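Trainee: Could you pick one part of this model and take me through it closely? Then carry on into whatever surrounds it, and give me the cut-offs as you go.

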Amino acid sequence: MTHPDLASRRRLLTSGGALLLLGAAPLRSAWAGFNFFTSEYTASREELQAQVAKKFPLRQSAGGLLDVTLRDPRLDLDPGANRAMLTTAVTIASPFLNPSQVGGQLAVSSMLRYDPETLSLRLDQPRAERVVFDGVGGQDAVRLQRAGAAVAQELLQGQALHTFRKEDLTVGRKTYEIGDITMLADGIKVQLR
């Protein structure tokens with residue numbers, strides 16, 4: 001027969017050990033996912049960055065005159081404006097350029113919208129904030145910046161930033177709908193209702 005004090009100490013040690021094991025889990029795994037108490041889903045910037053990187057490079061031809069390629073995306077989040085910012089390397093190739101290809105940097109900011117058909121958060125109304133090409137100046141630079149910005153905005157419109165799995169939005173028998181999307185300095189928070 002086990003003494004009552006001994007049994008309660010064992011329970012305390014067992015539960016304390018479980019708490020220690022939970023506390024030893026990596027912070028990253030605790031960051032992502034559904035929070036039952038606040039009805040929120042969170043994803044870290046690193047997780048979002050990994051999903052975005054899989055979709056690049058992106059290419060588009062503009063009327064056969066220009067070929068625009070975006071690669072090496074870097075995702076930043078702007079909580080103050082509640083916008084996502086993508087900075088990418090950009091290359092424009094054209095038989096009318098000398099040299100026939102120029103490269104540079106492009107920064108685009110975007111709102112996010114939820115697409116219920118694909119269970120994804122998508123870039124919405126991306127806006128080119130900065131376009132810079134190496135070794136190009138004057139009117140040529142202005143024309144290339146305009147063309148690069150227009151094509152990049154078109155390429156990025158509707159690109160998925162995060163795709164949920166069905167189980168991400170289901171707890172028990174309840175399936176949640178997506179509410180407000182909020183940018184944090186180090187991730188996003190989605191209200192579930």
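Mentor: Let's start with β1 and β2 (residues 40–44), two antiparallel strands joined by three bridges. Two strands count as paired if DSSP finds at least two bridges between them. The elements themselves are DSSP runs numbered from the N terminus: helices are H or I with at least four residues, strands are E with at least two. Within this pair, N35 sits opposite E40 of β2.

Before going further, the ground rules: this is a predicted model, where local features need pLDDT of at least 70 and side-chain atom pairs count only at pLDDT 80 or more, while totals for chains, interfaces and linings use all residues. Residues are numbered from 1 along each chain as its sequence is written, and side-chain values use heavy atoms, with hydrogens and water left out.

Back to the sheet. β1 and β2 belong to an open, antiparallel sheet of four strands, ordered β1-β2-β12-β11. Its edges are β1 (33–35) and β11 (178–184), each of which pairs on one side only. On average, neighbouring strands here are turned by 25 degrees against each other, direction ignored. For such angles, axes are lines fitted to C-alpha atoms (for helices, over the stretch in contact), and values run from 0 to 180 degrees between N-to-C directions. Helix α3 (residues 45–53) packs on this sheet, touching β2 and β12 (187–192), and its direction makes about 70 degrees with that of β2. Contact here means heavy atoms within 4.5 Å.

At the other edge, β11 pairs with β12 in the antiparallel sense over five bridges. I181 has V190 of β12 as its bridge partner, and the hairpin joining β11 to β12 passes through two residues.

Now the strands elsewhere. β4 and β5 run antiparallel with 10 bridges, T69 being partnered with T91 of β5. They make a hairpin with four residues between them, and N82 in the turn has a positive phi of about 55 degrees. β5 is also joined to β6 by 10 bridges, again antiparallel, and here T88 is matched with L106 of β6. Nine of the 11 residues of β5 are buried, so this strand is largely enclosed by the rest of the structure. Buried means under 20% relative accessible area, exposed over 50%, and partly exposed in between (1.4 Å probe, protein chains only).

Helix α4 packs on several of these strands. The helix covers residues 138–156, 19 in number, and reaches 27 Å from its first C-alpha to its last, close to the 27 Å expected at 1.5 Å a residue; that expected span is 1.5 Å times one less than the number of residues. Its buried residues are A141, L144, G148, A149, V151, A152, L155 and L156, and they pack against β3 (58–62), β4 (66–78), β5 (83–93), β6 (101–115) and β7 (120–133). G158, with a positive phi near 85 degrees, follows the helix. A62 lies in β3 and is partly exposed at 24% relative accessible area. The C-alpha atoms of A62 and A150 are 9.6 Å apart, although 88 residues separate them along the chain.

As for charges, the structure has eight salt bridges, each a side-chain nitrogen of Lys or Arg within 4 Å of a carboxyl oxygen of Asp or Glu. Among them is R127 with E129, at 2.8 Å from N to O; R127 is partly exposed at 43%, and E129 is too, at 40%. Another is R74 with D76, whose closest N and O atoms are 3.1 Å apart.

Finally, the chain overall: four helices and 12 strands, with 37% of the 193 residues buried. The mean pLDDT (the predictor's confidence in each residue, from 0 to 100) is 83, and 83% of residues reach 70 or more. Residues 6–31 fall below 50, and that stretch has 10 contacts in the model beyond near neighbours in sequence.
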